[in-house]
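Here's a quick tour of the model, starting with a pair of charged side chains and moving on to the packing inside. Have a look at the structure first.

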Amino acid sequence: MGIKPSYIKSMGVALMEQHGKSFNNSFDDNKKVVSEITTIESKSIRNRVAGFITRKVNTHNRRR
């Protein structure tokens, strides 16, 4: 998708620090968790944050 805006990255990192155990490598599961723990009304922003988190979880798991 390219370079992500800084607000997507900062929101994703903050959510992972606070609720890291809630996220896994499934985009659909992460999308539900993001919508439950935040007040993001925009569907596209929620999906972009969930996608960023999914990508970070997957790269972290690959490096282990």
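Let's start with D28, which is partly exposed because its relative accessibility of 44% falls between the 20% and 50% cut-offs. K31 lands in that class as well, so it's also partly exposed, at 23% relative accessible area. Their side chains meet in a salt bridge, with 3.9 Å from N to O. Both residues sit in helix α2 (residues 27–37), three residues apart, or about one turn of the helix. By the rule used here, the count is one salt bridge.

| Residue | Relative accessible area | Class |
|---|---|---|
| D28 | 44% | partly exposed |
| K31 | 23% | partly exposed |

Keep in mind that this is a predicted model. Mean pLDDT for the chain is 92, and 97% of its residues reach 70 or more. Among the elements, α2 has the highest mean pLDDT (97), while helix α3 (residues 43–63) has the lowest (94).

Now for the inside. In soluble globular proteins, nonpolar side chains tend to be buried together. Here the largest nonpolar core has eleven residues: I8, L15, F23, V33, V34, I45, V49, A50, F52, I53 and V57. Elements giving two or more residues to this core are α1 (6–19), α2 and α3. The top contributor is α3, with six residues.

What does I53 touch, leaving aside its neighbours within four places in sequence? I53 is in contact with G12, L15, M16, F23, N30 and V34. I53 is itself one of the core residues, and so are L15, F23 and V34.

Notes: Residues numbered from 1 in each chain as written. Predicted model: local features only at pLDDT ≥ 70, side-chain atom pairs only at ≥ 80, totals over all residues. Heavy atoms only, no water. Salt bridge = Lys/Arg side-chain N within 4 Å of Asp/Glu carboxyl O. Helix = DSSP H or I, 4+ residues; strand = E, 2+ residues; numbered from the N terminus. Buried < 20%, exposed > 50% of the residue type's maximum accessible area, 1.4 Å probe, protein only. pLDDT = per-residue confidence, 0-100. Core = buried A, V, L, I, M, F, W, Y, C linked by side-chain atoms within 4.5 Å. Contact = heavy atoms within 4.5 Å.
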